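Here's a friendly first tour, taking in the pockets and then a sheet. Have the model open as you read.

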Amino acid sequence: MRINHLWSGGKFMEEEEVLPPHTDIACFTILYQDDEGGLQIRSDEGKWLNVKPVSNSFIVNVADSLKAWSNGRYRSAEHRVVYKGWRDRISVPWFAQFPYDKEIWAPAELVDDKIHPRRYRPFTFSQFRRDSLLNLFSKQENPVTFVESYAGISRG
Ligand SMILES: O=C(O)CCC(=O)C(=O)O
Ligand SMILES: [Fe+2]
């Protein structure tokens with residue numbers, strides 16, 4: 001679990017991308033954001049949509065390792081945080097992980113030759129987590145498509 005505290009210092013913050021676009025790395029994330037809002041997800045058409053704060057509720061985000069484990073049937077949501085305002089903002093993500101030594105490999109029931117060919121090679125969760133974090137900090141590759149370049153099986 002992490003606690004993100006965006007500190008405004010009592011000054012008005014002009015609109016700013018305070019957390020760049022990414023997908024989460026592990027299995028899924030349960031996220032609390034306070035009443036200030038700011039979380040956005042990207043639609044299939046590429047539009048950023050505000051995720052309005054709803055009191056007493058959490059947001060559940062599918063992450064990259066679950067995308068691979070489900071052979072792409074669950075998709076990890078691209079999201080970011082854009083903030084504007086006077087107040088501090090607090091968010092609390094809790095990351096459901098896989099056991100670190102486990103291999104992520106979609107079960108045979110989710111794979112067939114025609115409609116759902118295997119989309120990801122097997123990988124170890126701990127290595128994928130480490131390499132994703134390294135990529136995030138070094139900004140080498142787009143974090144949103146990192147799972148595809150890391151483990152995606154290309155066809156044709
Ligand atoms: O602060 C938020 O609302 C989102 C945080 C987030 O996406 C993350 O920590 O991965
Ligand atoms: Fe995130």
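## Sorting the residues

Before we look at the pockets, a quick word on classes: Ala, Val, Leu, Ile, Met, Phe, Trp, Tyr, Cys and Pro count as nonpolar, Asp, Glu, Lys and Arg as charged, and the others, Gly among them, as polar. Keep in mind that this is a predicted model.

## The second largest pocket

With those classes in hand, the lining of the second largest pocket comes out as six charged, three polar and three nonpolar residues. Among the residues lining this pocket are Arg 42, Asp 44, Lys 67 and Glu 148. Its volume is about 310 Å³.

## The largest pocket

The largest pocket holds about 880 Å³ of space. Its lining counts 36 residues, and Arg 2, Leu 19, His 22, Asp 24 and Leu 136 are the ones nearest the centre. By class, the lining has 18 nonpolar, eleven polar and seven charged residues.

Which element gives the most to this lining? That's H2, with seven residues. Strands pitch in too: E1, E2, E3, E7 and E8 each supply at least two residues.

## The open sheet

Now for the strands. Four of them make an open sheet, ordered E1-E8-E3-E6, with antiparallel pairing. E1 and E6 (59-62) sit at the edges with a single partner strand each, so one side of each has no neighbour in the sheet. From one strand to the next, the twist averages 25 degrees.

Zoom in on E3 and E8: this antiparallel pair is joined over six bridges. Here you can find Leu 31 opposite Pro 93 in E8.

Notes. Residues are numbered from 1 along each chain as its sequence is written. Chains are lettered from A and ligands numbered from 1 in the order in which they are written. This is a predicted model: local features need pLDDT of at least 70, side-chain atom pairs count only at pLDDT 80 or more; totals for chains, interfaces and linings use all residues. Side-chain values use heavy atoms; hydrogens and water are left out. On a 1 Å grid over the protein atoms alone, a cavity is a set of points where a 1.4 Å probe fits but cannot get out, and a pocket is an open set with protein on both sides within 12 Å along at least five of seven lines; lining residues have an atom within 4 Å of a point. Grid points are joined across faces, edges and corners, and a volume is the space filled by probe spheres set on the points. Helices (H or I, at least four residues) and strands (E, at least two) are DSSP runs, numbered from the N terminus. Two strands pair if DSSP finds at least two bridges between them. Axes are lines fitted to C-alpha atoms, for helices over the stretch in contact, and angles run from 0 to 180 degrees between N-to-C directions.
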